[in-house]
Amino acid sequence: MNQIQILPAEIANQIAAGEVVERPASIVKELLENSLDAHATEIEIRLENGGKTLIEITDNGNGMNAEDAEKSILRHATSKIKQIDDLFSIHSFGFRGEALAAIASVSRFELITKTPDATSGTKITTAPGTPTQNTPTAANTGTKITIRDLFFATPARLKYLKNDFTEFSHCYRQVQSFALAYPQVRFTIYKEEKLYKDFLPTTLKHRCETMLNLKPDEILPVQYEQSGVQVSGFVVIPGECKSHKKNQFLFVNHRLIDDYKLSYAVREAYVQSAGIEKHLHPVFVLFLNIDPILVDVNVHPRKLEVKFSEPQDVFSATKHAVMSALNTMVNQQFGKQVSPSHSAVSSNPIPFSVPANTVSHSPKSWSQTPSFGGSFGTRHAERNIPLQKSWNESFTNTANNELADIDAIESINELRLIGQVDNKYILAEAETGIYFFDQHALHERQRFEQFWNEFKAQQEKNEFISQELLLPQTISLPLESVTAICEPQNQTQLQNLGFSFTLISDESVELFAIPQILEGEDFETILQDFAHYFLHEKVGEHAIEHFMRKKLEYKSCRGAVMFGDKLEPVEMQKLLDDFVTTKWRNLCPHGRPNHWFVPFNELNSKFHR
């Protein structure tokens with residue numbers, strides 16, 4: 001007797017449903033995709049008990065004729081592809097032809113549809129164990145699909161579902177993603193027969209603001225193209241990052257995807273620009289448009305995962321798109337603050353920003369403060385608070401940092417020192433309010449930007465300064481660490497950075513030179529950290545850049561004014577003078593705020609004045 005048999009269609013569909021239909025949200029996703037593929041402009045979603053007992057989605061799309069409607073619930077029946085080559089140029093959401101068949105196999109299924117030129121519609125009803133019925137019916141143009149009693153024939157699957165609130169939240173997340181991707185479409189959601197949300201057609205910016213509960217000045221537009229990858233959308237300003245990842249939406253060719261590497265690229269853009277605390281995550285709605293032939297969406301039936309033919313290019317484009325938006329924000333803020341003609345006071349001051357209208361003065365230089373060198377130079381030499389440099393000296397070595405010229409810098413706002421509080425905070429007065437500075441975070445940011453600009457200048461010229469050791473040093477490392485740093489590609493990166501070493505044995509290398517910027521660091525620790533990074537953390541296109549940032553953050557922190565140090569007035573004034581020429585002045589390199597600004601009008605209101 002033969003042992004291998006062809007499974008009946010009913011069993012095959014239920015097996016497929018295990019991958020396609022995980023929970024009610026899976027059904028909402030598949031049906032919304034069908035509605036948008038049918039060019040619907042209005043979609044209504046009704047849910048009861050989190051979608052367990054009822055999911056009903058009605059659209060005004062193109063609809064189907066009777067023959068197509070009956071075929072639509074058969075497995076591998078689709079109108080999206082006709083030949084193998086179509087798989088490599090997919091422009092629609094659906095193409096596998098599995099969704100409706102899988103849904104119908106685990107629920108009581110009803111479909112009502114009508115094309116614009118038909119005089120009547122078609123009604124299809126089916127359920128597990130019952131024959132499919134096809135009858136004519138009165139209907140509006142478009143399609144209405146009703147799903148009742150999900151998983152009623154498979155109790156084990158039904159028991160797996162969470163409570164109604166959780167399941168509804170997952171369904172709403174799906175509606176959110178499509179509403180963001182298609183702001184021109186109206187999405188209406190009913191929960192337990194009551195109107196829950198009605199997203200009217202609007203612009204993408206307005207829909208992002210309303211759906212993500214953001215103010216207009218809290219989001220930044222993104223528009224960028226690199227290596228054939230177009231990136232557009234919106235990201236939040238650094239101060240509005242959240243402690244969760246719920247408001248992160250990433251689309252490839254308008255298809256929502258789940259890609260931790262690209263999400264990491266967005267976060268890296270914040271890390272390498274403004275800085276961001278470890279527990280915070282940026283909010284973003286980003287759209288990547290790529291030639292469909294370079295994207296494989298046929299990875300999993302749920303189509304949340306995709307594969308790129310050039311993942312490094314996509315990662316790089318995503319990161320630099322966000323960095324460009326963040327840098328544009330800073331450039332605009334600096335332009336307002338240093339322009340001699342700009343005198344209007346903003347009615348809505350940006351948090352953690354220098355007021356627009358303050359008294360102009362020339363920044364103090366080291367030579368203007370003779371007493372500064374005596375006390376500060378001896379007690380805090382290791383902190384290396386830099387001399388006040390001109391704008392061009394400080395920033396023109398780094399690409400895209402030429403925000404203003406030296407003449408404009410002469411009109412930067414004055415901050416008048418009030419004093420120090422608890423040996424931790426510096427108070428300063430501006431024309432429109434009072435600043436409270438975290439002295440350590442303030443100095444840390446200034447030191448970091450100095451080190452980072454030096455590193456980037458050398459990187460752009462590919463001329464890293466190497467410091468030769470007086471005597472070669474033998475560095476012992478674990479076998480896997482030696483293997484990692486001696487791997488040809490990794491060793492080349494280290495040599496380009498300024499390292500010079502040769503392999504002695506399986507567990508040791510001989511070190512001849514190190515990058516000058518890392519002078520004073522422990523050699524063994526540095527190489528071990530590089531090895532660990534190459535082995536376990538390397539994500540993206542610039543591993544060295546990411547690693548060097550971490551090292552320079554640590555170096556900046558270690559040499560900065562400490563929390564609790566008593567400072568002389570001239571020392572504090574020097575920090576204030578340098579503050580106004582700091583690019584990412586709002587945050588320390590780790591993403592913590594380094595100051596708090598209180599406008600006088602807010603202070604007056606506290607005293608009912």
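**View 1. Strand S13, a mostly covered strand in a predicted model.** Let's start with strand S13, which runs over residues 284-289. Of its 6 residues, 5 are buried, and here that means under 20% relative accessible area.

**View 2. S13 and its partner S10, running antiparallel.** Strand S10 covers residues 229-236 and pairs with S13 over 6 bridges. To find your way around, look for Gly 233, which sits opposite Leu 286 of S13.

**View 3. S13 and S11, paired in the parallel sense.** This pairing is made over 5 bridges. A handy spot to zoom in on is Phe 251, whose bridge partner in S13 is Phe 287.

**View 4. The largest pocket, with a volume of about 1,400 Å³.** Its lining takes in 48 residues, and Arg 173, Lys 245, Lys 246, Gln 248 and Phe 249 lie nearest the centre. Sorted by type, the lining has 18 nonpolar, 14 polar and 16 charged residues.

**View 5. Who builds the pocket lining?** Domain 1 (9-199) and domain 2 (204-329) each chip in at least three residues to the lining of the largest pocket. Helix H6 (164-181) is among the elements that supply at least two residues each, as are helix H2 (24-37) and strand S11 (248-252). The top contributor is H6, with 6 residues.

**View 6. Helix H18, tucked into the rest of the structure.** This helix spans residues 569-579, and because 10 of its 11 residues are buried, H18 is largely enclosed by what surrounds it. The buried ones include Val 570, Met 572, Leu 575, Leu 576 and Phe 579, but also Glu 571, Lys 574 and Asp 577.

Technical notes: Residues numbered from 1 in each chain as written. Predicted model: local features only at pLDDT ≥ 70, side-chain atom pairs only at ≥ 80, totals over all residues. Heavy atoms only, no water. Buried < 20%, exposed > 50% of the residue type's maximum accessible area, 1.4 Å probe, protein only. Helix = DSSP H or I, 4+ residues; strand = E, 2+ residues; numbered from the N terminus. 1 Å grid on protein atoms, 1.4 Å probe; cavity = no way out; pocket = protein on both sides within 12 Å on 5 of 7 lines; lining within 4 Å. Points joined across faces, edges and corners; volume = space filled by probe spheres on them. Nonpolar A, V, L, I, M, F, W, Y, C, P; charged D, E, K, R; others polar. Domains from an automatic or database assignment. Pairing = 2+ DSSP bridges.
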